[in-house]
Amino acid sequence: MKVTVLQTNIIWENKSTNLQKLQTSLIKLQGITDIVILPEMFSTGFTMNSHMLAESGGGETITTLKAYAAQYKIALAGSFIAIEQQYYFNRAFFITPEGEAYYYDKKHLFRMGDEINHFCAGNEKSIITYKGWNICLLVCYDLRFPVWARNKNNGYDLLIYVANWPASRKNVWNILLPARALENMCYVCGVNRVGTDANDLAYQGGSVIYSPQGEVLGAVADGEEGSATAELSLSSLQKLRIKFPVWKDADEFKLC
């Protein structure tokens, strides 16, 4: 399966422009990849104006993404600002060309950015099955919490983090992503934005694809918009898990 990480400079709170930018990229990627992964809140930037920008699953963002996925025959992953029963969520999505939509609500809200006062936290992990792969979708600050990402009994094969991760903490991003690949014996994709947002936070990107052994399979240059594509092998992953079955010795635990 081929996976692409798409690193963009998000136009602040401008859904239509960000969606148009995505379409331009998808035209170039059609026929080249199976999944395109976007940054966190790819259509608005990491804004706390949830009450102004939130949408339902039938809103502009998801409706447009479903149309793009079908037209270009590419699955799409990222996150957007969602509303459900008057509650706001930083909601990750995985949309297939066949029109199926899967969601995950970010569990660990970034209190230092006041996210806890504008969004509700999710409490359920989401593992998606697509093209024979099991995929776990997480969001930004979730990266700092390894228990939440623990791959119990090889429940997933690909771990995706979509993020707006500031340049000032890029070293943490660079350390934790390969750590998650190694400890969970899975492929890991991390997608971050570039540019500067309306809060004067700078982002350098660092979008990357790691092998289960922590090797870089594809990466986008820091500070630049662009994409990187890598081909992932499920059979190679399964052979590695048989040859080096560290997962059999994992500690038992229960999530609260």
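Buried means under 20% relative accessible area, exposed means over 50%, and partly exposed sits in between. By that yardstick Asp114, at 30% relative accessibility, is partly exposed. Keep those cut-offs in mind for what follows on this predicted model. The chain has 256 residues, and 52% of them count as buried. Its fold has 6 helices and 14 strands.

**Overall shape and packing**

- A compact globule of 256 residues would have a radius of gyration near 18 Å, and the chain comes in at 17 Å, so the two agree.
- If you're setting up a box, the C-alpha atoms fill one of roughly 50 × 40 × 35 Å along the principal axes.
- Take the contacts between residues at least 6 apart in sequence: 67% of these join residues at least 24 apart.
- About 11,300 Å² of the chain is exposed, with carbon and sulfur atoms supplying 49% of that area.

**Pockets**

- The largest pocket holds about 280 Å³ of space.
- Its lining is made up of 21 residues, and the closest to the pocket centre are Phe46, Phe110, Gly113, Arg169 and Leu201.
- Sorted by class, that lining of the largest pocket splits into 11 nonpolar, 5 polar and 5 charged residues.
- Next comes the second largest pocket, with about 190 Å³ of space.
- Here 14 residues do the lining, and Asn151, Lys152, Asn153, Trp247 and Ala250 lie nearest the centre of the second largest pocket.
- The class split for the second largest pocket is 5 nonpolar, 3 polar and 6 charged.

**Two aspartates with positive phi**

- Asp114 isn't a glycine, yet its phi is positive, near 70°.
- You'll find Asp114 in the loop between β5 (101–105) and β6 (127–130).
- Its 30% relative accessibility falls between the 20% and 50% cut-offs, so Asp114 counts as partly exposed.
- Asp200 also has a positive phi for a non-glycine residue, near 65°.
- This one belongs to the loop between β10 (194–196) and β11 (202–204).
- Asp200 has 68% relative accessibility, which is over the 50% cut-off, so Asp200 counts as exposed.

**Pro39, a buried loop residue**

- Pro39 lies in the loop between β2 (35–37) and α2 (50–53).
- With just 1% relative accessibility, Pro39 is under the 20% cut-off and therefore counts as buried.
- Setting aside residues up to four places away in sequence, Pro39 touches Leu6, Thr8, Ile10, Gly78, Ser79, Val162, Ala163, Asn164, Val191, Asn192 and Arg193.
- One of those partners, Ile10, is 29 residues from Pro39 in sequence, with 8.8 Å between their C-alpha atoms.

**Trp165, a buried loop residue**

- Trp165 is part of the loop between β8 (158–162) and α5 (170–184).
- Its relative accessible area is 5%, so Trp165 is buried under the 20% cut-off.
- Leaving out neighbours within four places in sequence, the contacts of Trp165 are Cys140, Tyr141, Leu143, Arg144, Lys170, Val172, Trp173, Asn192 and Tyr203.
- Cys140 is one of these contacts; Cys140 and Trp165 are 25 residues apart along the chain, and 6.8 Å separates their C-alpha atoms.
- Asn192 turns up on the contact lists of both Pro39 and Trp165.

Technical notes. Residues numbered from 1 in each chain as written. Predicted model: local features only at pLDDT ≥ 70, side-chain atom pairs only at ≥ 80, totals over all residues. Heavy atoms only, no water. 1 Å grid on protein atoms, 1.4 Å probe; cavity = no way out; pocket = protein on both sides within 12 Å on 5 of 7 lines; lining within 4 Å. Points joined across faces, edges and corners; volume = space filled by probe spheres on them. Nonpolar A, V, L, I, M, F, W, Y, C, P; charged D, E, K, R; others polar. Helix = DSSP H or I, 4+ residues; strand = E, 2+ residues; numbered from the N terminus. Rg over C-alpha atoms; globule rule 2.2 N^0.38 Å. Buried < 20%, exposed > 50% of the residue type's maximum accessible area, 1.4 Å probe, protein only. Contact = heavy atoms within 4.5 Å. Areas by Shrake-Rupley, 256 points an atom, 1.4 Å probe, with all protein chains shown as cover.
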